[in-house]
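Colleague: Please choose one residue of this model for a close look, and then work outward from its surroundings to the cores and sheets of the chain. I would like a connected account, with the reasoning spelled out where there is any.

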Amino acid sequence: MVTKTKRVIAMILTGMMAATALAGCTQTTNTTSSSPAGGTESTAASTDEGGSEGGSEAAGGGDAVDVYSKEMTENIKAKMKEEAAANGGKIELKVWCASADLKFEKTLIEEFKELYKSDDGSYEFKIKASGAIGEPDAGGKIIESPKDGADVFNFADDQLSSLVEAKAIAQVSPLFNKNIAANNTKETAEACTIDGTPYAFPKTSDNGYFLYYDKRVYKDDSAVASLDDMIKTAKDAGKNVYFNLGNAWYNAAFFFSAGVEIKYENGKQTTTFNTDEGLNAAKAMCHICENAGAGFQGVDGGSGDNTAVEKGFTDGSLAAAVIGTWEGPAIKKAIGEENVGAAKLPTALIGDKQVQLESFGGYKLIGVNQFTKYPVTSQALAYYLGNTESQIKRYNERGLIPTSTEALKDEKIQADPAKKAIEDQTPFAHGQGSSVGGKYWAVKGIPGMGSEIYNKKGQVSDDELKKSLANIQEQIDN
């Protein structure tokens, strides 16, 4: 009788080797993410190639499997040997990741190489990691020229549907997906899936923004409840609150909160910018920008958000910033970990009411190129980069919040104020995959209007705002 372990091994290896059998999907295009963090999916079987077991397992479920057992490791190494033999005795992979993550990701790659090194010298790994194409751009670059793209790449979850439609990303094998479903939160597994088929490995659960602040300026969360109050406190302290209104990812907070609809469904981007709600959002930004340079900083000055925030906390010009976990380590280094607070976004004056600011929220994922010459190796690497142990190490090194349920139990992660801030912001966060597509990010008028409002210190007439909103709406509608 064939043992369960051997059936599982057969399932994963058959699935991996069937990478080129990826079935076509009908998902819609969403080519570019504006997530600012310097950001794989893996190859998998089609149900035809993977057998009847693979079809149901591809959608998740079942108990986790010990991927790193001796038997499983040896079988994967045997398939790696076959891949090398079919490619001149070499295993050469390209990996794309965020520039800020590059040093850390290279340490994981070295661990992977040691784990799966050849026992008989029949192959060696040549894995080149690059931070030149990060999470915001990886999906678009893979779609543009998949055969020239990385074998393994990191990306934001709103790019998944376009990667699937372009047939540029490989399905996750049934075995690895069993572990994704068993070891990660339910929401994470769903973010990796299109129409019941898994296409990505989870990496982090913090692809969104919230508030970091200096506890020496703001004594507790009640002091950061209102953006107006925060700006006044910062001004009195000779500092600023940073909130980049010249970025469509961040200034969407005002539009969402004012009631503007921003949806991406069935390949179509719909919004209601050119409405009273849109005007209220723009006027709310005008109100905030009356404090430009005197308690409020609303653009990055051309340096990029990460650089602007790091510099501001280091030189003492910032008291708080709307940013994400990727800047947590730099902020802690700048002002001391004991002085770092984190909270959900504050309220803002919209119309005549204080309204809770909303946000984008989502996940960072790992994908495998459908056209990789090394489907087994690429999928095993993608899984390794996102497994529980790697997620914990990534948090300790980079401050990025895991998706693994086991990793989330870690005492240090549980105590991180950023984790609580993300949880508190989640009810007010909009998933990028269901909100925006490539067309949204291509409309330059969205960040442009925010920059203009800031540069004019909020002195923009209603007629000018209406004209800008109508222009934005026209570009999206057409």
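Modeller: The residue I would choose is L465, which lies in helix α21 (residues 462-477); bear in mind throughout that this is a predicted model. L465 has a relative accessible area of 2%, and because the cut-off for burial is under 20%, L465 counts as buried. Leaving out residues up to four places away in sequence, L465 touches L279, A282, K283, C286, M449, I453 and V460. The C-alpha atoms of L465 and N280 are separated by 9.8 Å, although the two residues are 185 residues apart along the chain.

One of the residues touched by L465 is C286, and C286 is itself buried, with a relative accessible area of 6%. The cysteine sulfur closest to that of C286 belongs to C289 and is 7.0 Å away, which is too far for a bond, because a disulfide needs the two sulfur atoms within 2.5 Å. The structure as a whole holds zero disulfides. Another cysteine, C97, is buried with a relative accessible area of 0%.

Stepping back to the whole, the protein chain has 21 helices and 18 strands, and buried residues make up 57% of its 478 residues. The accessible surface of the chain comes to about 18,900 Å², with 47% of it belonging to carbon and sulfur atoms.

Nonpolar side chains tend to be buried together in soluble globular proteins. Here the largest nonpolar core has 80 residues, among which Y218, F243, F254, F255, F273, F360 and Y440 touch the most other members. The greatest contribution to this core comes from helix α10 (residues 248-258), which gives nine residues. A second, separate core has 37 residues, including Y123, F125, I127 and V172. To return to F243, its contacts, with neighbours within four places in sequence left aside, are L227, Y250, A253, F254, F296, Q297, G298, V322 and L357.

Several of those contacts lead to one of the open sheets. This sheet has five strands in the order β11-β8-β12-β7-β13, with mixed pairing. Its edges are formed by β11 (296-297) and β13 (340-343), and because each has a single partner strand, one side of each is left without a neighbour in the sheet. Strand β8 (residues 240-242) pairs with strand β12 (residues 318-323) in the parallel sense over three bridges, and Y242 stands opposite A321 in β12. Helix α9 (residues 227-236) lies across β7 (210-214), β8, β11 and β12, with a direction at about 135 degrees to β8.

There is also an open sheet of five strands with the order β2-β1-β3-β17-β6, likewise with mixed pairing. At its edges stand β2 (125-130) and β6, and since each has a single partner strand, one side of each is left without a neighbour in the sheet. From one strand to the next, the twist averages 25 degrees. Within this sheet, β1 and β3 pair in the parallel sense over two bridges, with F153 in β3 as the bridge partner of W96. By contrast, β3 and β17 run antiparallel and are joined by five bridges, and here F155 stands opposite L365 in β17. The pairing of β6 with β17 is also antiparallel, over three bridges, with T204 opposite K364 in β17.

In a regular strand the side chains alternate between the two faces of the sheet. For β17 both faces are covered, with K364, I366 and V368 buried on one side and L365 and G367 buried on the other; five of its five residues are buried.

Helices pack around this sheet as well. Helix α4 (residues 102-115) lies across β1, β2 and β6 and runs at about 165 degrees to β2. In helix α5 (residues 135-144), the buried residues are E135, P136, A138, G139 and I142. These buried residues of α5 pack against β1 (91-96), β3 (152-156), β6 (201-204) and β17 (364-368), and also against the helix α6 (160-165).

Methods:
Residues numbered from 1 in each chain as written. Predicted model: local features only at pLDDT ≥ 70, side-chain atom pairs only at ≥ 80, totals over all residues. Heavy atoms only, no water. Buried < 20%, exposed > 50% of the residue type's maximum accessible area, 1.4 Å probe, protein only. Helix = DSSP H or I, 4+ residues; strand = E, 2+ residues; numbered from the N terminus. Contact = heavy atoms within 4.5 Å. Core = buried A, V, L, I, M, F, W, Y, C linked by side-chain atoms within 4.5 Å. Pairing = 2+ DSSP bridges. Areas by Shrake-Rupley, 256 points an atom, 1.4 Å probe, with all protein chains shown as cover. Axes fitted to C-alpha atoms, helices over the stretch in contact; angles between N-to-C directions.
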